[in-house]
Amino acid sequence: MNQAGKQVRAPYRLQRFTHADIPGLVALSASVGWDYDERDIRTVMAAGRVFGHRDEAGRIVSSAAIVPYDDSLASIGMVIVDESCRGMGLGRQVTQACVDSVSARTAIMLIATEQGKPLYERMGFVPVSCVHKYLCDRYQPAQPKPPDHPDRPDRVSVIPCRQEHFDSVVRLDREAAGADRSRFLRERIEQAKECVIALDQRDHVVGYALSVQGPVHLVIGPIVAPDREIAALLADKLAGGYPGRLRIDVPCGREDFLPFLESRGFRKANQPPVMVKNARQLPKRSGTLYGIAAQIFG
């Protein structure tokens, strides 16, 4: 039944999608102005599950994805309903399929659109935080600082991430995100344009960051760092010299990072809420997450 009490018509079949359905999911995303591409959806499918509806002609008319990280946390995203099929309860049904695919003891998070928030509230999700969505048309490069500048982060070096660094990256990410995201990270690093790490003077990994090329933006994130100066150094490394449009989503609580982004040409686009179900708050985090991977991954 939909929210108006009308039964969803039988021609709309709910199912779990496979790699063969990726072109249809890309087309559905584009139809609502979103920019998921084939590589994004492959990463989502490798780390999680995608559900949705087809119409009688076999066209994909809805989607929702869930990415379980461990037994304690999962993230929902890519909730889309074709404009011609709205008001029939498809969005609720496909989101519920995601919820039902994990344990009732698993905290489920999502980043809501303005249009989707009322639905999620009716399904038992509650707002607990937010993210700051920042966009940039052209990155303004950093000006070199003199060797004696007090903010010059000479205590770290930034180098490309290699396989031997992966366990350290997973450890830092687990502390930052509050869950073991190793399966997702392996897939996202494979997808990434660049992955860099920050090494301290003892060659310990103290931070990492990824950039992923999308159809419209170079997405910077995750960014995990012990402080905003090192987060800025990682962002400069990935974005400096890039000639196109960029995006970074910054979690609430890391507002100290926003002036840096604005100095580089970023502008705030919106501030969507983070909502959770099966929990009262997000898992305990270390405060070192300066940029999320993407809204679907939380």
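Pro222 lies in strand S10, which covers residues 218-224. The peptide bond that leads into Pro222 from Gly221 is cis, with an omega near 0 degrees. The model described here is a predicted one. Its average pLDDT is 93, and 93% of the residues score at least 70. Residues 1-8 have a pLDDT below 50, and this stretch makes 10 contacts in the model beyond near neighbours in sequence.

**Backbone conformation**

Two residues that are not glycine carry a positive phi. For Met78 the angle is near 55 degrees, and the residue is found in strand S4 (residues 73-81). Met78 has a relative accessible area of 3%, so the residue is buried. In Asp203 the positive phi is about 65 degrees. Asp203 is found in the loop between strand S8 (194-200) and strand S9 (205-213). With 57% relative accessibility, Asp203 counts as exposed, because the cut-off for that class is over 50%.

**Helix H7**

Helix H7 comprises 12 residues, 228-239. At 1.5 Å a residue the expected span is 16 Å, and the end C-alpha atoms are 16 Å apart, so the model agrees with the expectation. At the start of H7, the backbone nitrogen of Glu229 has a side-chain oxygen of Asp227 within 3.2 Å. Following the helix is Gly241, which has a positive phi near 85 degrees. The buried residues of H7 are Ile230, Ala231, Ala232, Leu234, Ala235, Asp236, Leu238 and Ala239. This set thus includes an acidic residue, Asp236.

**Pairing of strand S6**

Strand S6 spans residues 126-136. Its pairing with S11 (residues 246-251) is antiparallel and extends over six bridges. Within that pairing, Cys136 has Leu246 as its bridge partner. S6 also runs antiparallel to S13 (residues 273-277), to which four bridges join it; here Val126 stands opposite Val276. A further antiparallel pairing, again of four bridges, connects S6 with S12, and in it Lys133 is partnered by Asn270. In a regular strand, side chains alternate between the two faces of the sheet.

**Salt bridges**

The count of salt bridges in the model is 16. Three of the pairs are set out below, with the N to O distance and the burial class of the residues.

| Pair | N to O distance | Burial |
|---|---|---|
| Asp173 and Arg181 | 2.8 Å | both buried |
| Arg247 and Asp249 | 2.8 Å | both buried |
| Arg267 and Asp137 | 3.6 Å | both partly exposed |

The bridge between Arg267 and Asp137 has its closest N and O atoms 3.6 Å apart. Arg267 belongs to strand S12 (residues 266-270), whereas Asp137 sits in the loop between S6 and strand S7 (156-160), so the pair ties together parts that are 130 residues apart in sequence. The relative accessible area is 42% for Arg267 and 46% for Asp137. Each value falls between the limits of 20% and 50%, so both residues count as partly exposed.

In the pair formed by Asp173 and Arg181, the side chains meet at 2.8 Å, and both residues are buried. Arg247 and Asp249 likewise form a salt bridge at 2.8 Å, and both of these residues are buried too. In addition, Asp55, Arg59 and Asp82 are linked in a network of salt bridges.

**Two further positions**

Ser29 is placed in helix H1 (residues 22-31). Its relative accessibility is 1%, and because the limit for burial is under 20%, Ser29 counts as buried. Leaving aside residues up to four places away in sequence, Ser29 touches Trp34, Asp35, Tyr36 and Ile80.

Gly253 is located in the loop between S11 and helix H8 (258-263). With 49% relative accessibility, Gly253 counts as partly exposed. The C-alpha atom of Gly253 is separated by 7.6 Å from that of Gly287, although the two glycines are 34 residues apart along the chain.

Technical notes: Residues are numbered from 1 along each chain as its sequence is written. This is a predicted model: local features need pLDDT of at least 70, side-chain atom pairs count only at pLDDT 80 or more; totals for chains, interfaces and linings use all residues. Side-chain values use heavy atoms; hydrogens and water are left out. pLDDT is the predictor's confidence in each residue, from 0 to 100. Contact means heavy atoms within 4.5 Å. Helices (H or I, at least four residues) and strands (E, at least two) are DSSP runs, numbered from the N terminus. The expected span of a helix is 1.5 Å times one less than its number of residues. Buried means under 20% relative accessible area, exposed over 50%, partly exposed in between (1.4 Å probe, protein chains only). A polar contact is a pair of N or O atoms within 3.5 Å; within protein, one must be able to donate a hydrogen and the other to accept it, and residues adjacent in sequence count only if both atoms are side-chain atoms. A salt bridge is a side-chain nitrogen of Lys or Arg within 4 Å of a carboxyl oxygen of Asp or Glu. Two strands pair if DSSP finds at least two bridges between them.
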